[in-house]
Amino acid sequence: MEEALAERVGAEPFHRVTPLLESWALSQVAGMPVFLKYENVQIAGSFKIRGIGHFCQQMAKRGCRHLVCSSGGNAGIAAAYSAHKLGIPVTIVLPEGTSVQVVRRLEGEGAEVQLTGKVWDEANVKAQELATRDGWVNVSPFDHPLIWEGHASLVRELKESLGTPPGAVVLAVGGGGLLAGVTAGLLEVGWQHVPIVAMETRGAHSFNAALQAGRPVTLPDITSVARSLGAKTVAARTLECAKECEVLSEVVEDREAVSAVQRFLDDERMLVEPACGAALASIYSGILWRLQAEGRLSSTLASVVVIVCGGNNISSQQLQELKIQLGCS
């Protein structure tokens, strides 16, 4: 049995190397070459499989008998996929408003799904309670060094594809796992001088609020439609990242994020979720231009990489409903 588990854990990571492609449409809008890192084509639908897959493999090696994860969707799918690959039972605790397609996907991976609370933080309390059981391990969606270590693989792929550093890396921030992983990766490959543009939606802007306060703060509620960005308190590690690399925090409105999702669908024929729309809004809403005009980004950026983080929490019907709700044209 131990030999079988060792074979399943293996040395091979669970994530795949994703395409890095120059976008003609976004480059035209930005006025500079824009490269898209397509994490939405990961087998688990988002970048989360990099860090969570790595974490779960390490926990299996240490004798974990049951995984539990609280998630707004993407992390839960990554944990369920990893558990399935490892042959370990998994319980996913989700907020009550989670979409039917995400629940179906999790159950399709063999996960037990529990719906608890209105927001991620409430589901997380339940997951931590379950993790006190003997042999159970809690999989944080974003706040663990092994998860950041796994996410750092994304930057190694960027270096292999690009060779030379981009002028900036744009990403969305929810709990801060991707930001921590990209920071770790930039430091690892010697690209620590590359600025990170950290995008959030108003109503899920826990990183921006923490930067302004100089310490992690808890938002009173998550009011943004970008539910995947919905951690009321960002990981404390993100504030350290802002000291180790140049991190520019920007907040956009829900309407801008959803509009970016629609424009990206038209430009690239790919449907991504509003959390990803926050990163894409850096281009479509002219954030990069403004940062250049303010002197916070170089006026002569050679290129920009935008991490297309995921597309699990969206459907064509949901996009239409969001556009009506927010008054998007």
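**Exercise 1. Count the salt bridges of the whole structure, and describe those that involve Glu244 and Glu294.**

Step 1. A search of the whole structure finds 13 salt bridges, a salt bridge being a side-chain nitrogen of Lys or Arg within 4 Å of a carboxyl oxygen of Asp or Glu. The structure is a predicted model, in which local features need pLDDT of at least 70 and side-chain atom pairs count only at pLDDT 80 or more, while totals for chains, interfaces and linings use all residues. Residues are numbered from 1 along each chain as its sequence is written, and side-chain values use heavy atoms, with hydrogens and water left out.

Step 2. Glu244 pairs with Arg237 in a salt bridge with an N to O distance of 2.8 Å. Accessibility is classed as buried under 20% relative accessible area, exposed over 50% and partly exposed in between, with a 1.4 Å probe and protein chains only. Glu244, with a relative accessible area of 36%, is therefore partly exposed, whereas Arg237 counts as buried because its relative accessibility is 15%.

Step 3. Glu294 forms a salt bridge with Arg290 at 3.2 Å, N to O, and another with Arg296 at 3.3 Å, N to O. Glu294 counts as partly exposed at 43% relative accessibility, as do Arg290 at 32% and Arg296 at 33%.

**Exercise 2. Characterise the interface of domain 1 and domain 2.**

Step 1. The protein chain is divided into domain 1 (12-47 + 144-326) and domain 2 (49-138), with bounds that come from an automatic or database domain assignment. Taken over C-alpha atoms, the centres of the two domains are separated by 23 Å.

Step 2. In domain 1, 36 residues are in contact with 28 residues of domain 2, where contact means heavy atoms within 4.5 Å. The two domains bury about 2,400 Å² between them, with 55% of it on carbon and sulfur atoms; buried area is the accessible area (1.4 Å probe) that two parts lose on being put together, summed over both. Phe14, Ala44 and Leu146 supply 30% of the area that domain 1 buries against domain 2, more than any other three residues.

Step 3. Two salt bridges are counted between domain 1 and domain 2. Arg50 forms a salt bridge with Glu39, with the closest N and O atoms 2.7 Å apart, and a network of salt bridges links Lys37, Glu39, Arg50 and Glu157.

**Exercise 3. Locate the largest nonpolar core relative to the domains.**

Step 1. A nonpolar core is a set of buried Ala, Val, Leu, Ile, Met, Phe, Trp, Tyr and Cys residues joined through side-chain atoms within 4.5 Å. The largest such core has 100 residues, and those with the most contacts inside it include Leu67, Leu171 and Phe264.

Step 2. Domain 1 and domain 2 both give residues to this core, so it lies between them. A second, separate core of seven residues includes Val68, Leu130, Ala131 and Trp136.

Step 3. Not counting residues up to four places away in sequence, Phe264 touches nine listed partners, among them Leu26, Leu36, Tyr38 and Leu280.

**Exercise 4. Is Thr223 buried or exposed, and what does it contact?**

Step 1. Thr223 is exposed, because its relative accessible area is 57%.

Step 2. Leaving aside neighbours within four places in sequence, Thr223 is in contact with Gly203 and Asp254.
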